[in-house]
Structures are given as C-alpha cells and as structure tokens.
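Me: I should be grateful for a close look at a single part of this structure, the central strand of its sheet and what surrounds it. Please include the ligand shell as well.

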Amino acid sequence: MSVPLKKEVQCIAFVNQKGGVGKTTTAVSLAAALAQDNQRVLVIDLDPQANATSSSGFLNYLGPTIYESLSGEVELSKCVAEAEDGFALIPSTPDLAGIEVELVSAVAREQRLKTTLAPILNEYDWIFIDCPPSLGLLTVNALTAAKGVIVPVQCEYLALEGLSHLTETITLIREHLNMELKIIGVLLTMFDSRTRLAHQVEKDVRLHFPQTFKTVIPRSVRVGEAPSHGRSILSYAPSSKAAIAYVDLANELHICMEDDNEFRTTNE
Ligand code: ATP
Ligand code: MG
C-alpha cells in the first residue's frame, strides 16, 4: 500500500525594503484566494505598521500579538485570530517596533520567529509573512523562517531600485542562516496597462528576474478601498480584474511549488 506523502507547509515571506509596493495587499489577497480553495493559511503580520492586521478586519487589536510571541511572553498558537476571509492571522501592533531594540543582545535573535513557529507549522498548508519596508531584524527573522520569498515590485519609475541590495541580503541569509531560502518569484503590482512606463518596467523586471510571475496585478481603485472594509479584494470585489489576478497568482504559485518539489525529489 502506498502511503501518501505528507504535504510540506510552504512558508513564504513577502519582502521588498521599498515601501508601498504591494507586500501587504499581496499577502492578504493571496491568503484569501488560497483559503477560498480550502487551503489552511496563516498570515503573520511582521510589520509594526500592522497593515495586514487592519486590512484583515482587526482595528486596534487588543489580544496577544506577534510582539508578545517574539519576546517570549506568549506561545504563537495563543495569538491566532480568524479573519473574515477564511485565513488565520497573527496580528501586529505598533509595539512591535520595540522588538529590534529589545532583542539586540538576545542569543540567536535572528531565529526567534522560526523557533516560535515550529510548534504550529503542521497546522497549515501555507504560512505567509508580511514584512516591513526594511531589511532590519524583523525581515531577517522572516527570511530565516521562510523557505521562499515573493518580491512584489510596483510598476513605477525606479521599480528595480534596491532589488540588488535585497538579492545580496538573501544570498547572505542563505550562506549563514537558512540554506533552503530561495526567491520564488518577483510579482509585478499596480500595473496600469494604459501607461508606456508600466510596459517598460515589466520588460526591465522580466529581463533582470527571469523568475517573475506570469501573473501581473493590475492597478485598481477597488484594491485601495478593500482594506478600509477589513476585507481582501477577493471578498470585497470578487469579480474585479485584481481579484481574478490574485486567483490566477494562487494557481501559478501552486504550479511553482509542485515543480519545485518534483525538482527536489529527483535531485535527492
Ligand atoms: P509597506 O511597505 O508600507 O508595508 P506595502 O508594500 O505592504 O507597503 P501595500 O500596503 O500593500 O504595500 O500597498 C500600498 C498602497 O497601495 C495601499 O494603499 C494599497 O491599498 C495600494 N495598492 C496595493 N495594490 C494595489 C493595486 N493593485 N491597485 C491599486 N492600489 C493598490
Ligand atoms: Mg505592508
């Protein structure tokens, strides 16, 4: 009798030290798309701005958060909140900004998130980590815990700025903290097909990063509105082009991960 292989959890960090490129929107929308497909998804808000928390419907959250968990006060499993869109969330608050200073002299401070995550890894199919717009200790913790990185890039002037610094950081993390880490894909966001600039940026990004997703997320007013309703675009405007793009991205991601597993099996 063949025993079915246990599906490994896919832990993915959404990273770009540039602000406002669509990290949070992508983490939350992709989580909602996968949850609609009966996948068990956990989103970890690792940003003191707490945008993933508020966009998931938790304004002024008062329960235990990622901050208490990283500082060792509460187990991560006690911090889980259920979002309306069907995924689980580890919320954040502005208190999280203090953690970088608090952990300055802590042992293995880059491994904190990985260690706190270990006991609940098997409860999910996907774990998404929404990173702040910096390459500081919080992002280093995300890169140490994750297997892969998705890099959202806004289709605007200077889109590629900072990406070489990001890839150098990923190489360093791979060498010193997490051998497994890889860039799963670069994601073009806020694409406005009417502008020549957006097409030029797409061309440049695809040239520099062959692992850019085929799916492109269009710019849409509805995406900007959804967070103020505490919903993702998937439930706020399910038939919008952006919602459909995030469903396409979820499908593309499934294929990427399956190809990767096949690659690993044949190379082991
Ligand atoms: P930060 O670096 O500050 O965490 P971020 O990279 O997480 O930012 P988001 O918060 O996801 O970026 O997006 C920045 C802004 O752009 C938000 O107001 C969001 O609603 C808006 N936005 C994101 N994607 C789109 C889109 N496809 N169309 C229109 N607006 C969008
Ligand atoms: Mg964000």
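Reply: The account below begins with the sheet, proceeds to one strand within it, and ends with the ligand and two further residues.

The model is predicted, so local features are given only at pLDDT of at least 70 and side-chain atom pairs only at pLDDT 80 or more, while totals for chains, interfaces and linings use all residues. Residues are numbered from 1 along each chain as its sequence is written, chains are lettered from A and ligands numbered from 1 in the order in which they are written, and side-chain values use heavy atoms, with hydrogens and water left out.

The sheet is open and mixed in its pairing, and its eight strands follow the order 3-4-2-5-1-6-7-8. Strand 3 (81–82) and strand 8 are the edge strands, each with a single partner, so one side of each has no neighbour in the sheet. Helices (H or I, at least four residues) and strands (E, at least two) are DSSP runs numbered from the N terminus, and two strands pair if DSSP finds at least two bridges between them.

Strand 5 covers residues 126–130, and five of its five residues are buried, so the rest of the structure largely encloses this strand. Buried denotes under 20% relative accessible area, exposed over 50%, and partly exposed the range in between (1.4 Å probe, protein chains only). In a regular strand the side chains alternate between the two faces of the sheet. In strand 5 both faces are covered: Trp 126, Phe 128 and Asp 130 are buried on one side, and Ile 127 and Ile 129 are buried on the other.

Strand 5 is joined to strand 1 (residues 10–14) by five bridges, and the two run parallel. Within this pairing, Gln 10 has Trp 126 as its bridge partner. Strand 2 (residues 41–45) also pairs with strand 5 in the parallel sense, over five bridges. Here Val 43 stands opposite Phe 128, and Asp 45 is bridged to Asp 130.

Trp 126 also links the strand to a helix. His 254, which belongs to helix 11 (residues 241–267), is in contact (heavy atoms within 4.5 Å) with Leu 34, Asp 37, Gln 39 and Trp 126, leaving aside neighbours within four places in sequence. His 254 is buried, at a relative accessible area of 17%.

Turning to ligand 1, 18 residues surround the molecule, and Lys 23, Thr 24, Thr 25, Pro 218 and Ser 220 come nearest; a residue is counted if one of its heavy atoms lies within 4 Å. By class, this shell has six nonpolar, eight polar and four charged residues. An oxygen atom of ligand 1 lies 2.5 Å from a side-chain N or O atom of Thr 25. For a polar side-chain atom of Thr 24, the distance to an oxygen atom of ligand 1 is 2.8 Å, and for one of Asp 47 it is 3.5 Å. Taken alone, ligand 1 exposes 620 Å², of which the protein buries 81%. Helix 1 (23–36), strand 8 (212–218) and helix 9 (221–225) each give two or more residues to the shell, and helix 1 supplies the largest share, three residues.

Finally, Ser 54 lies in helix 2 (residues 51–55) and is partly exposed, at 23% relative accessibility. Apart from neighbours within four places in sequence, Ser 54 is in contact with Leu 59, Pro 227 and Gly 230.

Terms used
A polar contact is a pair of N or O atoms within 3.5 Å; within protein, one must be able to donate a hydrogen and the other to accept it, and residues adjacent in sequence count only if both atoms are side-chain atoms. Accessible areas come from the Shrake-Rupley method with a 1.4 Å probe; for residues, only the protein chains shown count as cover. Ala, Val, Leu, Ile, Met, Phe, Trp, Tyr, Cys and Pro count as nonpolar, Asp, Glu, Lys and Arg as charged, and the others, Gly among them, as polar.
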